[in-house]
Structures are given as C-alpha cells and as structure tokens.
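Here are a few short exercises to work through with the model open beside you. Try each task before you read its solution.

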Amino acid sequence: ALDFIPKQWYQRRVRAIESMKELVADISAQSLLTEEDVFKNTVLDNMSLEQMTNVNLLSRELGKLDQSHQAMLEQQSSEFVMRDRFEEVRGLLLQKEEMKEERQEKILELHQENPALKQLLESLQSSEGLPFDEILENAERAMKTVGSINKSQVVDLYDDEDPAKEKEAEVALAYIEYLDELLRDGNFHPAAVHAANSPNGFLRTMATIEEFKTLSQGEGGVSPFFVYCNILMETVPQYSIPPEDQSFECVDAALKENRLDLIAQWIANNYLTLHRPIADALLANCQCRGRCDCESGTLALAVYRNIKDHDMSIHCLARQGALYRAIHYAKTHQIGSEKLLELLKDIPSTDLAALLVLEEGLNIGEVLTCLQENHNDNIFISLLKVLDESNDLKAVLLNDSSPEEIQWSEFVDLCVELGEKDIAEELQGFIICADALYKAVDSLSSTTE
C-alpha cells in the first residue's frame, strides 16, 4: 500500500518555501533586522533568530526544500501499477514462457521424426559467430532440399545462448508472424511493404517471392506477386540489388502485367542483376511479325549489350531493321562468317544478304547456299537481281573463293525454274570460266612439277 501526503501539509510546505525565498531576498538587501521583523515574516519553526538570519544556512535549507518539493511533484505525476494488475501481467508472461517451451518441445519432436530437419538444426547450430541474416539465408537455401517447412520454425530452430542473438531471433519471429497475419487477412500491399522492408532484408529472398506467387489476385485484378516485386524494386536503394533469380522473377511479373515501363526504369536505375534469361524473356515477349519496333525488343537489345552477348545483339539489331548497325557491330566485335550466316538463316532478307556480300565480304556462293538450304528462293533470286542491276554480280562471282563443294549447277537450275534465264546464263558462263581457270591452274602446276 502507498502512503500519500495530506493536501494541507503539502500546501503548508509550499508556502514555507515561498516565504523562505522572500526572506533570503530581504536579508540580502538589509544589514539589520529586528527580532520582531524576523518573526513577522517567517513561518519556520524550531529555528533561532541567529539561524534565521544566517544567509548560508537559509540557502542550504532552501535547496533541501526545493529538492523535496520537486520529488513530491514527480511522485504526484507518476503512474503506479496496482498489485492486481502486476499479478495479471506476471501471469501473462509466465503463460508466454510456457507456450515457448511447448513450441520448442514440439520442434524437437519434429526434427527427431524427420532426419532432414535434424540435419538442418545441426547446420544452424554449427553457424555460431555468423550474422543472423546470413544464418537465415543459409536456412532458406537448406529448406529447398529439406522440403516444406514454415519460416517461423526456422527462427525457432535457431538456438543460441547469446542474448543479443536470441533477441534478434525473437524480433525476426514477430516480424514473420505479422507478415503471415497480413497475408491471411488479404492485405497484400501492406504485406509486400512489410516483407520488402524487413530488418537487414532477411525476408528479401526467393522463398518470399514463391509465397507471393501462390496468392490469388486481389482487388482490381493486380497480382500480389507483381505488387511485391514492384515494392522490392522500389526499395533497392535502401538494401542491395536482388540476385539473378529474384531479378528474373521481378521482370517476369512485370511482363505478365504488361508493365514494360517499369522494366525500363529498373534497367536504367541498375536495380536488376542482368543476365541472359531476362533478355530472352523480353525478346520472347515481342509480338512483331515483321520488322521489330516494340519496346520489348528494344529492352532485350539493351540487356544483351549490357551482358556483352554480341551474337544476340546483332540478332536484335537485324530484327529492328538496323542492318548497317548490325554489320558495323559485327565488324567491331569480330563476329565470324558462320555467325553471320546463322543470322541470315534466322532473319532472311535481301538487304541483309546483299550487305553480307558487299560490306562484310562473305562469299556469294556461301550466301546463296544458305538461302537455298533454307528454301528462301525468293530472296535467292532477289539477291542475284540486286547484284546484277548494280553491276556487282560479275565482281562478286570473280572474287568468290567458296569451297569446291558449292553446287553452282544447282543455282543455275533454280534460276531456270524460277524463270530468270538471263541470270542463269550469267551464272553458267561464270561456271564455265571458273572451270577452265581451275583446269589451267592445275595444268600449269603439273608442268612446273
């Protein structure tokens, strides 16, 4: 029970302090006081006239009274917990401790029944000295081999005598439990914000992404998976760039929502760990039938160039119709003729075939063979016509150094079938001249020997 101070006594002490202050001020101003004056202006008891006229003594007494007065004010403004409330709180704490012990016993039973869980527990206990976020990351990776396990159990499995780490584990556990509560209530946006802003980013993992992927769409038809990925990207400046797997999932979520603008922003701000699967996904999202002029193809090119995938960079440039840039890029990065012929096979066009012969210097025999084998007959004839009209056909035929297995006679037959007799005659004449030249060279070589 508490002893409270009577109100009258408290008021009397306050008046005494105020009188003492006035008395000290008067003593300092006057050199002589009569005994009548002193007793007239004071209410202090048990003090002689000499004591009541001693400035130093009165100052000390005044200080004591001020301290006492301050203590009383603090005591009056304090909130006290009654014993019945104290017992109630104490009971709740004991109940919480009992629940914690029961939960730990249940976990021990689980890992004894499951050898994989036991192995996981031993792995966590052997991680002493590591930061708690690294331990959680290791546990998340181990969970993929262990099987399905609740994230809160990972925190419970962590057993360490270090009070600081134990406190950290309790905070993480409470954080995860609140996340689960938000998800159960369908509060997907607050849940995404909560997970993305977890302490030290311990929830910014693939396991969290997988959990959001399993959720059905909320109000407005927006995927909770996309909501989380968007917030994950927005918080990159406060944490770190997500690894390759999480970066790909974020791009995939944005593609499903047709949010190419966000992907462009993430790439420009270096929020993603760029790699080939991201570029392939962007390229696969392109729906252009002919020349590519969509944003998805442009973003794919940006990623390919960023990761220095030269072959696919040339491929994207050719799809966009930037053939001169593609050929220049090939020269700059020393792309071989085999890759360029593969490009012609994937994206056949008369302009590209002509550039490969005239600008890149590929043998016309190899280019015609590529077009013939892939049944690009129209481009085959169109190329020969373009070269003939520009008076380049004879020059490229004479400069041709294709292997002997090139079937020139088949080229002539194809031209005849397609009604291009003039070009067929010119090819036939080249074949006759080339054959005669080869025979002359062989004869000269034999004579020399």
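**Exercise 1. Leaving a helix**

Task: Find which residue just after α22 takes a positive phi, and check the length of the helix against its residue count.

Solution: Begin at the end of the helix, keeping in mind that this is a predicted model. Just after α22, N391 has a positive phi of about 60°. Now turn to the length: α22 covers residues 377–389, which is 13 residues. The expected span is 1.5 Å times one less than the number of residues. That gives 18 Å, and the C-alpha atoms at the two ends are 18 Å apart, so the expectation and the model agree. As a last step, look at the burial inside the helix: I379, F380, I381, L383, L384 and L387 are buried in α22. An α-helix has 3.6 residues a turn, so residues three or four places apart point the same way.

**Exercise 2. The loop before the helix**

Task: Decide whether N376 is buried or exposed, and list its contacts beyond four places in sequence.

Solution: First place the residue: N376 sits in the loop between α21 (364–373) and α22. Next apply the cut-off, under 20% relative accessible area for buried. N376 has 16% relative accessibility, so N376 counts as buried. Finally, setting aside neighbours within four places in sequence, N376 is in contact with P348 and L371.

**Exercise 3. Cores**

Task: Identify which residues touch the most other members of the largest nonpolar core, and which helix gives the most to this core.

Solution: The largest nonpolar core holds 95 residues, and I263, L282 and I364 touch the most other members. Helix α12 (residues 224–234) gives the most to this core, with 8 residues. Following I263 outward, its contacts beyond four places in sequence are V251, A254, L255, L282 and L299. Apart from the largest core lies another, of 5 residues, including I17, L58, L62 and L65. For A16, look in helix α1 (residues 7–29). At 15% relative accessibility, A16 is therefore buried. The C-alpha atoms of A16 and L65 are 8.9 Å apart, although 49 residues separate the two along the chain.

**Exercise 4. The whole chain and its confidence**

Task: Say how many helices and strands the protein has, and where pLDDT stays under 50.

Solution: Count the elements: there are 25 helices and 0 strands. Then check burial, where buried residues make up 39% of the 449 residues. For confidence, the average pLDDT is 78, and 71% of the residues score at least 70. Over residues 144–160, pLDDT stays under 50, and the model has 40 contacts beyond four places in sequence for them.

How values were computed. Residues are numbered from 1 along each chain as its sequence is written. This is a predicted model: local features need pLDDT of at least 70, side-chain atom pairs count only at pLDDT 80 or more; totals for chains, interfaces and linings use all residues. Side-chain values use heavy atoms; hydrogens and water are left out. Helices (H or I, at least four residues) and strands (E, at least two) are DSSP runs, numbered from the N terminus. Buried means under 20% relative accessible area, exposed over 50%, partly exposed in between (1.4 Å probe, protein chains only). pLDDT is the predictor's confidence in each residue, from 0 to 100. Contact means heavy atoms within 4.5 Å. A nonpolar core is a set of buried Ala, Val, Leu, Ile, Met, Phe, Trp, Tyr and Cys residues joined through side-chain atoms within 4.5 Å.
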